[in-house]
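Good morning, colleagues. I should like to take a few minutes of today's meeting to present one model.

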Protein chains: 2
Amino acid sequence: MRISTELLKGVLEGVVLHQIDAGINYGYEITKTLRELGFDDLAEGTVYTILVRLEKNELVNVEKHKSEKGPMKKFYQLNDAGKTRLTLFWTHWDFLINKMAELRKED
Amino acid sequence: MRISTELLKGVLEGVVLHQIDAGINYGYEITKTLRELGFDDLAEGTVYTILVRLEKNELVNVEKHKSEKGPMKKFYQLNDAGKTRLTLFWTHWDFLINKMAELRKED
DNA sequence: TTTGGCTACATCGTATTACTATGTAGTAGT
DNA sequence: ACTACTACATAGTAATACGATGTAGCCAAA
């Protein structure tokens, strides 16, 4: 499904944080798993932009490892700040979907 | 609650469409009701920006009416395109929250 | 041996959007 | 006059997802 890209703003960062925390640690695979999950049109470039941002904001630790196939991989792991951010993201998300449900329920 | 503003992108347009459809037809009241509902920090300017956009994109019909207090009100109503957009918005929203739930569920 | 396909990362430019700040105006009560 | 409330308007800014494009390594088939 082709979700309006504006609706994804803010969401994708949380999603990427979640994937990293779940053990999906490098860009290419994050893109792949998310696409399989239903974010069909997710651009590869988008994920890398987010990863660069996470690194710049010091939410992740990064290591380079050799890949079995292809070039070096960059492995990401959440640091404490990253974990806090992830929890905060879900808090905000829950708040939002609750409010949206309330809104919709009224009359 | 102070939600990250990025998380609201795309959402707010849908929310405003919904309010208009629900009979809350002018900017000032839309802002007010949404604030009461929990979008505390929603800026008045934001709502007007959205309304201007909706008008420009021909999703609403507009009429001016005298106000009991204060200056003229601009009354908004969804036209067919607006209603279609609103349905589409909820479709996207439902899709998104389902995917997010799936994502979260995995391990 | 060269072509294509897959893995994997990187970045510039663009459009969209929510917010901040600020301004204009009308009405009513003190 | 002053304040408070209603009501709309907009210029400027920061953040972000995406499209396009490029680099690079590996492997298999032609």
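**The surface near DNA strand C**

A side-chain N or O atom of B:Arg53 lies 2.7 Å from a phosphate oxygen of DNA strand C. I begin with that contact, and I ask you to bear in mind that this is a predicted model.

Which elements contribute two or more residues to the surface near DNA strand C? From chain A they are α3 (27–37), α4 (44–56) and β2 (73–78), and from chain B they are α1 (5–8) and α4 (44–56). The largest share, 5 residues, is supplied by α4(B).

Chain A makes contacts with the strand as well. A:Lys73 places a polar side-chain atom 3.4 Å from a phosphate oxygen of DNA strand C. For A:Lys9, the partner is a base oxygen of the strand, and the distance from a polar side-chain atom is 2.9 Å.

Let me now turn to the surroundings as a whole. DNA strand C is surrounded by 30 residues, and the closest are A:Tyr28, A:Tyr48, A:Lys73, B:Lys9 and B:Arg53. Of the strand's atoms that come within 4 Å of the protein, 71% belong to sugar and phosphate. By residue type, this surface comprises 11 nonpolar, 10 polar and 9 charged residues.

Finally, how are the two protein chains related? Chain B superposes on chain A, with an RMSD of 0.1 Å, after a rotation of 180° with 0.0 Å of shift along the axis. The two copies are thus related as by a two-fold rotation axis. Within chain B, the residue closest to that axis is B:Lys9, its C-alpha lying at 3.1 Å. The copies meet through the same surface, because 97% of the interface residues of chain B are also interface residues in chain A.

Notes. Residues numbered from 1 in each chain as written. Chains lettered and ligands numbered in written order. Predicted model: local features only at pLDDT ≥ 70, side-chain atom pairs only at ≥ 80, totals over all residues. Heavy atoms only, no water. Near = heavy atom within 4 Å. Polar contact = N/O pair within 3.5 Å; in protein donor to acceptor, adjacent residues only side chain to side chain. Helix = DSSP H or I, 4+ residues; strand = E, 2+ residues; numbered from the N terminus. Nonpolar A, V, L, I, M, F, W, Y, C, P; charged D, E, K, R; others polar. Least-squares fit on C-alpha atoms with pLDDT ≥ 70 in both. Contact = heavy atoms within 4.5 Å.
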